[in-house]
Structure formats: structure tokens, C-alpha cells
Amino acid sequence: MLIVYASRTGNVERFVRKLPAPRLLQIRTGEEEAGEPCVLLTYTTGLGQVPHEVERFARRNQAHIRAVAASGNRNWGSNYAKAADQLAAAYGFEVIHKFELSGRAEDVARFWEGVRALALPRA
Ligand SMILES: Cc1cc2nc3c(=O)[nH]c(=O)nc-3n(C[C@H](O)[C@H](O)[C@H](O)COP(=O)(O)O)c2cc1C
């Protein structure tokens, strides 16, 4: 499964580098094309907001997005990693996982399990 991600200060970038053999596409402008099923991984900005470039990508590629996940920081309280919830509310995407900053080993494992489950044939 293709992992499409956005990272402003490097945390999400560090997280995806910990995944085993991922296929990656980085969102820079939001004009990128997935062209195949993918999982969208983003940071959270503003007050629980989806970054603009990610919003643009999601709108244009929604038919290909199978699930989302978000990085955030618990210091933001109820807005913690809320970009994932915002995307789920707007487009109905499943939320696979939320994690702090660049994630711990458990976060990497949980996220990857979620991705693998999506790739399994549906019963
Ligand atoms: C201006 C700004 C606003 C942020 N707002 C939130 C927020 O509302 N909720 C949250 O959980 N994290 C928030 N964060 C934390 C980032 O989402 C978190 O540090 C994330 O790991 C950044 O990923 P990146 O390094 O890949 O850009 C904010 C960070 C910045 C700099």
C-alpha cells in the first residue's frame, strides 16, 4: 500500500522512515496524484486543523484514500492529532492511528498493522 504523507518539521518524515519497506509519496503542494489506493498520514496544525496542502490532496484524491492517521502532540489537549478526525468527518475515512511527534515503536507497529489489514482481501 502506498503511504502518502506530509511533514513540516520532520516528525512524520522520521515516522515513515521507521516503517518496514514502505512505498512513499510526500505531499508538498497538494497537487500530487496518488493514482492507486493509499493511506494518508499527516501532522496536525493550527488548532486541530488539517494542513492546507493535505486538505487539497485529500479533496483531489479522496477516491484513492483508504484510511488516515495523524501525528500531533498531547499538549494540544482536545485538539490532539485532530487532523485525522477532521479528515474522517469530512470524507468518511477510517482513522488507523494517532501518535505523538515521530511516534514510538508501538505506534509504528500499530500503524503498520492497520495498513496491512487494509491490504487484505475483504471477506
Ligand atoms: C503551529 C503548530 C500548531 C500545532 N497544532 C497542533 C494541534 O492542534 N494538535 C496537535 O495534536 N498537534 C499540533 N501541533 C504539533 C504537530 O502536529 C506535531 O509536532 C507533529 O509531530 C508535527 O509533524 P511534522 O514534524 O512532521 O511537521 C502543532 C504544531 C505547530 C508548530
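Here are some short exercises on this predicted model, each with a worked solution.

Residues are numbered from 1 along each chain as its sequence is written. Because the model is predicted, local features need pLDDT of at least 70 and side-chain atom pairs count only at pLDDT 80 or more, while totals for chains, interfaces and linings use all residues, and side-chain values use heavy atoms, with hydrogens and water left out.

**Exercise 1: aromatic rings**

Find out how many aromatic pairs the whole structure holds, and work out how Phe15 is paired.

*Solution.*
- Start with the rule: rings of Phe, Tyr and Trp (its six-membered ring) pair if their centres lie within 6.5 Å; planes under 30 degrees apart are stacked, over 60 edge-to-face, and the rest tilted.
- A search of the whole structure turns up 3 aromatic pairs.
- Take Phe15 and Phe99: their ring centres are 4.0 Å apart and their planes sit at 10°, so this pair is stacked.
- Now place them: Phe15 is in helix α1 (residues 11-17) and Phe99 in strand β5 (residues 94-100), so to speak distant parts of the chain, 84 residues apart. Helices (H or I, at least four residues) and strands (E, at least two) are DSSP runs, numbered from the N terminus.
- Next, Phe15 and Phe111: with 5.5 Å centre to centre and 80° between the planes, they are edge-to-face. Phe111 belongs to helix α4 (residues 105-119), 96 residues from Phe15.
- Check burial, where buried means under 20% relative accessible area, exposed over 50%, and partly exposed in between (1.4 Å probe, protein chains only). Phe15 and Phe99 are both buried, and Phe111 is buried too.
- Put it together: ring pairs join Phe15, Phe99 and Phe111 into a cluster.

**Exercise 2: one helix, one face**

List the buried residues of helix α2 and say where they lie around its axis.

*Solution.*
- Helix α2 covers residues 52-61, and its buried residues are Glu53, Val54, Phe57, Ala58 and Asn61.
- Looking down the axis of α2, these fall within an arc of 135°, so they line one face of the helix. The arc is that of the directions from the helix axis to the C-beta atoms.
- That buried set packs against β1 (2-5), β3 (38-43), β4 (65-72) and α3 (82-91).

**Exercise 3: three single residues**

Decide whether His64, Asn11 and Val108 are buried or partly exposed, and find what they touch.

*Solution.*
- His64 sits in the loop between α2 and β4. Its relative accessible area is 28%, so it's partly exposed.
- Contact means heavy atoms within 4.5 Å. Ignoring neighbours within four places in sequence, His64 is in contact with Ala34, Gly35, Glu36, Pro37 and Cys38.
- Asn11 is in helix α1, and at 19% relative accessibility it counts as buried. Again ignoring neighbours within four places, Asn11 contacts Leu101 and Ser102.
- Val108 is in helix α4 and is buried at 9%. Not counting residues up to four places away, Val108 touches Phe15, Lys18 and Leu19.

**Exercise 4: the ligand**

Describe what surrounds the ligand and how much of it the protein buries.

*Solution.*
- There are 20 residues around the ligand (a heavy atom within 4 Å), and the closest are Ser7, Arg8, Thr9, Asn11 and Ser71.
- Look for polar contacts (here, N or O atoms within 3.5 Å): a polar backbone atom of Thr44 is 2.7 Å from a ligand oxygen atom, and a polar side-chain atom of Trp76 lies 3.4 Å from a ligand nitrogen atom.
- Taken alone the ligand exposes 650 Å², and the protein buries 82% of that (Shrake-Rupley method, 1.4 Å probe).

Terms used: Polar contact = N/O pair within 3.5 Å; in protein donor to acceptor, adjacent residues only side chain to side chain.
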